[in-house]
Structures are given as C-alpha cells and as structure tokens.
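The following exercises are meant to be worked through with the structure open. Each task is followed by a solution that goes step by step.

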Amino acid sequence: MSLSIITFANLGEKTNHRTAGIVPVINKFSEEGELKQVVCQINKNSQFPGTVSATPTLLRYIVRVFEKVFGISLRRVHQTLLDFFASIKLTDADVHLFHAGESFTRTLRKSKKSRAISVGIATISDLQKNKDIENKEMRLLGIEDYITDAESALRRCPEYRSFDYIIAYSDFVKASYIAKGFPRDKIYVAYSDIPLPPTPSFQKSEDTFKVLYVAYTSPRKGLHYLLEAWNKLTLPNLELIVVGGYGRMPDELKERCKKIIKNNPSIRWAGKSKNPSSYYQEASVFAFPSLFEGNPKVVMEAMSYGVPVITTNHAQSIVEDGKSGFVVPIRDVEAFAEKIRFYYENRNVAECMGREGRKAMENKKSFGDMVFEIYQKILAREGKNND
C-alpha cells in the first residue's frame, strides 16, 4: 500500500510552525516503506526524496514582496496558492493524508476523484463548534459586529469535514467533530509531539511563587478570565508572568487586558519570546484558560519542564486531572483562582504533580507511531491488504 502526505509545513533546511508536527509521520512512513510522496509548502533538501514544493518559488517570492512593501499579511493568498498547486502536483496513492488539511479544498476534491482514502489530521477542534464558542464569547463580552477567527475559517474551508477519516489531535477535538455529526467510528485520536528538554531540576524559587501564561493571545485563549481570577487572589510573593504578544482580537478586549496588567503590580508582561524555555524553568505553575484547542503545545511544554498545569477541559492535552495538573471548565474564574491558591498553599503537591507531568511526556507514544497504527486500522476497515 502507498500513502501521500499533503502539508502546510516547510521541510528540510527550511522550517515553519507546522514542520515539527508532520516530520515524525514522514519519518515513520518512510521507514515502513509506505510513503510515496510528500507535497509541502517549501522543500529545501528534505531527506525524503519524494518531497516536492507546491507553490512555485517565483510566485511565492512575489507574494512575499507585496507583504513587505505594503506591510500586510497575505496568509489566505498563500493558502489558496498552496492548495491550487498541491492539487496539480498530487499523485495517485492508496491513502492521501492531509496535515491541517481543512484548507486543502481543491486538493481534497482531486483526492476524492482518484478514489484514494482521504484522511485529515485535525489540529484544532471542529470549526462550527469553535464558531459557536467564539460567538457566545462575543455576546458575553458585549462585542458586536466582530468576525471571529472560527467564522473566517469556516468561510475559507466549507468542506473541512469531507474526509473519509479524521485523526484528531485530542479527545476534545474528536468529541467536537462527533457533536457536529462526523461518524464516531471514522475518527481516531493521536496526540502530537514536542521535543523533550533535559530533565528538569524541580528546584523552584522559594521566594516568589510564579504562575506562567504563554500564548499568542486572541479571545479564545481566555487571558481575560485568568486576569479576572488573578484579581481575586491577595497572596504575598505571588507573580503572574504573561508571555507572548497579542494576535487578532477586538480593541475593547485588548484594552481591558492591558488595563488589568498595568494596574496590578503582581503581573509581569514579558511580551513576545522566540524561546520561552527560561520562563518554564522558573515557573511554579502553568495556567492556560483557553476556550478551545487541538493539542496545545504550551501545555505539553509546561509538562515537559515539570511544571504542574491548570488548564481547561477544552485544552487538556494529556493532563490527567488531579495527577499531572488540574482541568477546569472553560470560563470558570472561581476554579482558576481556587487551583492557583491550592498550588500556592501545597507546594510539595505541586512539585509531585509536575513530576507526573514530565513522566507522562516521557512515556507518551510518538505521534508518528500512533498515526501509523491508525493507518493500519483504516486499511483493515477498508478491506485492503498492507503487504
């Protein structure tokens, strides 16, 4: 049997934020002799010989020049071009695996015509579910006439549920697709990977108890709920460190967050950081109040550094509630404040839970292995021999 991969990643010497997510899959299928082709955004000396760049270099360069000259992002143009040229370059295979494939509308249609089994890797929860959550958030915030990210994504990707099978990044992602009508027996779960840092020392500062938040903040990241919870705490030597800049979000909400941060001396705005490892190393707790995610990288990073986590039931990753962290409902300000207080007052327990998080990351099955196992299950279900 043969499989082709279609991805937004850059591969080889050129990388982007999608690269780490698909490389383990490429390596596994290549080792097993099942990989026929990889169609990516940019290929610069990838180790797999069947790797091709989709968008022509000259055309991609022209778009980049426009972005720099006019100071705008043409992300949708890049996506449209990638989808168009990927559909041209995609060759026949038994299975077509789409990585973050909701935007590959034209390429998916070609895959369907070829009678290949189409499998989409869902890196985030169902877009309609996300739209419902974000629209409710806007109503709760009293913000009108704001087109949310999920609503924009739905307009771009109307056929995102058209795959024969889906591999979801988490149990929440799986549940969100099922809730919106995708067949339960055609969706599987495989948790993505991150590189593990060296074993942490587990020696935190006894002077200041540091709570860390890391995100490129948009409304769905829920920073405003964490800040509201923070204002309920009046504990000595307690500090909240906010790492990351602001993404696309309503001005009213951004100003609200900025005002709280400015007026509370126990909150430190650290801003953007390309390498937040030092913040994880000094953190006592990691807090992530997101309204929806796939498998949030920042939660896994915190666990890998031995930092106990407080996250939501929509951003749980592999956190075991009460063992490697706490999982609370979205928008639950009281629960976030309560769990921060618990960690603050029970630092030995916090340290033990951090160790459990690190252990869970060390014992996690690799994403490549999980996807290959799912591939074999799909072939068996479809009655195809994998010889």
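**Exercise 1.** Locate Asn-45 in the predicted model, and determine in which loop it lies and whether it is buried or exposed.

*Solution.* Begin with the position along the chain: Asn-45 belongs to the loop that links β4 (42-44) and β5. Next, read the backbone torsion, where phi of Asn-45 is near 65°, a positive value in a residue other than glycine. Most residues other than glycine have a negative phi. Finally, consider the surroundings: the relative accessible area of Asn-45 is 56%, and since exposed means over 50%, Asn-45 is exposed.

**Exercise 2.** Carry out the analysis for Arg-115, asking which loop holds this residue and what its phi is.

*Solution.* Arg-115 is found in the loop between α4 and β7. Its phi is near 70°, which is again a positive value in a residue other than glycine. With a relative accessibility of 76%, Arg-115 counts as exposed.

**Exercise 3.** Work out the strand order of the open sheet of seven strands, and explain why one side of β5 and of β9 is left without a neighbour in the sheet.

*Solution.* Step one is the order, which reads β5-β3-β1-β6-β7-β8-β9, with parallel pairing. Step two concerns the ends: β5 (51-53) and β9 (187-189) are the edge strands, and because each has a single partner strand, one side of each lacks a neighbour in the sheet. From one strand to the next, the twist averages 20°. Step three looks at one pair in detail, namely β6 (residues 95-99) and β7 (residues 117-122), which are parallel and joined over five bridges; within this pair, Leu-97 has Val-119 in β7 as its bridge partner. Step four adds the helices. Helix α4 (residues 105-113) packs on the sheet, where it touches β1 (3-7), β6 and β7, and its direction makes about 165° with that of β6. Helix α7 (residues 171-179) lies across β7, β8 (165-168) and β9, and runs at about 165° to β9.

**Exercise 4.** Describe how strand β10 (residues 209-214) is covered, and identify the strands with which it pairs.

*Solution.* First, six of the six residues of β10 are buried. In a regular strand the side chains alternate between the two faces of the sheet. In β10 both faces are covered, with Phe-209, Val-211 and Tyr-213 buried on one side and Lys-210, Leu-212 and Val-214 buried on the other. Second, β10 runs parallel to β11 (residues 238-243), to which six bridges join it, and Lys-210 stands opposite Glu-239 in that strand. The chain passes from β10 through helix α8 (residues 223-230) to β11, and this β-α-β crossover is right-handed. Third, β10 also pairs in the parallel sense with β13 (residues 285-288), over two bridges, and here the bridge partner of Val-211 is Val-285.

**Exercise 5.** Decide how the radius of gyration of the chain agrees with that of a compact globule, and characterise the chain as a whole.

*Solution.* For 387 residues a compact globule would have a radius of gyration near 21 Å, and the chain, at 22 Å, agrees with this value. The C-alpha atoms fill a box of roughly 65 × 45 × 40 Å along the principal axes. Buried residues make up 56% of the 387 residues. Among contacts with a separation of 6 or more, 66% involve residues 24 or more positions apart. The accessible surface comes to about 17800 Å², of which 48% belongs to carbon and sulfur atoms. The chain has 14 helices and 15 strands.

Key
Residues numbered from 1 in each chain as written. Predicted model: local features only at pLDDT ≥ 70, side-chain atom pairs only at ≥ 80, totals over all residues. Heavy atoms only, no water. Pairing = 2+ DSSP bridges. Helix = DSSP H or I, 4+ residues; strand = E, 2+ residues; numbered from the N terminus. Axes fitted to C-alpha atoms, helices over the stretch in contact; angles between N-to-C directions. Contact = heavy atoms within 4.5 Å. Rg over C-alpha atoms; globule rule 2.2 N^0.38 Å. Buried < 20%, exposed > 50% of the residue type's maximum accessible area, 1.4 Å probe, protein only. Areas by Shrake-Rupley, 256 points an atom, 1.4 Å probe, with all protein chains shown as cover. Right-handed = clockwise from strand over helix to strand, strands pointing away.
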